[in-house]
Amino acid sequence: MGMMTLIKSMTGYGRAVETVNGREFTVEFRSVNNRYLDCGVKLPRSLSFAEDAVKQAVKAAISRGKVDVFISVRSESGEDTSVSLNRSVVEGYLAAMRQMVTEYGVQDDISVSVLSRLPEVFTVEKPETDEEQLLSDLMQVVRKALDNHDAMRRAEGVALEADLRSRGQTILGLVARVEQGGAQTVADYRARLEAKLREVLANTAIDESRVLTEAAIFADKVAVDEETVRLRSHLDQMNAMLTGGGAIGRKLDFLLQEMNREANTIGSKCSDVALARIVVEIKAELEKIREQTQNIE
């Protein structure tokens with residue numbers, strides 16, 4: 001098969017949970033269809049610096065769809081904060097308080113809870129986070145979640161492709177019936193015209209060229225061979241696009257508008273009820289294809 005770029009659905013879900021360097025990252029991707037790429041990232045404050053990198057990774061992997069990314073992190077080690085006592089400050093407070101006791105005779109009720117509330121008794125230090133390291137750890141997990149998301153979109157794409165190809169086949173069959181029916185309609189018209197002329201003219205000889213001219217004018221009015229030829233070529237193009245793969249959603253959308261135009265023209269030319277019914281079936285299949293292409297990236 002070689003390196004084939006498959007078509008992908010815009011709808012998908014992917015998740016990854018990994019512990020890297022003592023932190024547990026959870027990354028989730030959800031996507032639905034959209035005309036262009038619209039990416040939203042929700043992450044904790046401690047990781048807010050990573051938002052742009054995540055968006056760039058999404059942009060590199062996904063060309064359209066509404067993508068929501070949810071990221072959370074849990075630190076496993078207690079390296080978060082260290083608290084130390086400012087001895088000189090505590091000693092200064094104690095000395096001043098004892099002075100109050102001796103000079104003013106107030107009750108000596110100095111306690112830990114009283115001292116703890118005083119300013120600058122403790123020094124609280126948070127370790128410096130190495131943002132570059134943190135970012136590279138996070139992006140490792142983002143890539144895994146993106147891969148899982150991609151796998152689901154590819155699987156959905158395979159199903160979409162199979163559906164589109166089979167509907168294309170159905171339409172080809174219907175087009176062939178329209179072509180046969182069209183030829184039959186012209187033959188019927190010609191026979192009816194001859195019969196009518198015989199009736200009217202009774203014994204007079206029928207002008208064969210007049211019948212031919214009339215039949216030709218009628219055939220021209222109801223001829224749909226140009227449209228059916230174009231419809232077949234559009235279907236070939238659709239199959240070629242599906243084989244080529246990649247982000248073909250928009251192109252397919254445009255191609256379908258063209259196919260609908262041909263189907264409508266055929267419909268407007270079909271005076272025959274049976275043929276009109278076939279055209280309705282063609283249009284119903286095209287509508288189903290259109291619904292499916294809305295999901296293709």
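For the residue classes used on this tour, Ala, Val, Leu, Ile, Met, Phe, Trp, Tyr, Cys and Pro count as nonpolar, Asp, Glu, Lys and Arg as charged, and the others, Gly among them, as polar. The model is predicted, and colouring the chain by pLDDT is a useful start: the average is 91, with 97% of the residues scoring at least 70.

Select strand β3, residues 37-42, which has the highest mean pLDDT among the elements of the chain, 98, and then helix α5, residues 208-222, which has the lowest, 81.

Next, go to the interior and select Gly182, Thr185, Val222, Val224, Lys269, Cys270, Ser271 and Leu275, the residues that line the largest cavity. The volume of this cavity is about 40 Å³, and the structure holds one cavity of 30 Å³ or more. By class, its lining has four nonpolar residues, three polar and one charged.

From there, turn to the second largest pocket, with a volume of about 200 Å³, by selecting Met10, Asn33, Asn34, Arg35, Arg64, Gly249, Arg250, Asp253, Thr293 and Gln294, which line this pocket. Helix α7, residues 249-269, provides the largest share of that lining, with three residues. Taken by class, the lining of the second largest pocket divides into five polar residues, four charged and one nonpolar.

Finally, show the surface and select Val83, Leu85, Phe122 and Val124, which make a nonpolar patch of about 380 Å². Strands β5 (82-85) and β6 (122-125) each supply at least two residues of this patch, and Val83 is found in β5.

How values were computed. Residues are numbered from 1 along each chain as its sequence is written. This is a predicted model: local features need pLDDT of at least 70, side-chain atom pairs count only at pLDDT 80 or more; totals for chains, interfaces and linings use all residues. Side-chain values use heavy atoms; hydrogens and water are left out. pLDDT is the predictor's confidence in each residue, from 0 to 100. Helices (H or I, at least four residues) and strands (E, at least two) are DSSP runs, numbered from the N terminus. On a 1 Å grid over the protein atoms alone, a cavity is a set of points where a 1.4 Å probe fits but cannot get out, and a pocket is an open set with protein on both sides within 12 Å along at least five of seven lines; lining residues have an atom within 4 Å of a point. Grid points are joined across faces, edges and corners, and a volume is the space filled by probe spheres set on the points. Patches are made of residues with over 30% relative accessible area and no salt bridge: like charges are joined within 9 Å, nonpolar side chains (Val, Leu, Ile, Met, Phe, Trp, Tyr) within 5 Å. Accessible areas come from the Shrake-Rupley method with a 1.4 Å probe; for residues, only the protein chains shown count as cover. A salt bridge is a side-chain nitrogen of Lys or Arg within 4 Å of a carboxyl oxygen of Asp or Glu.
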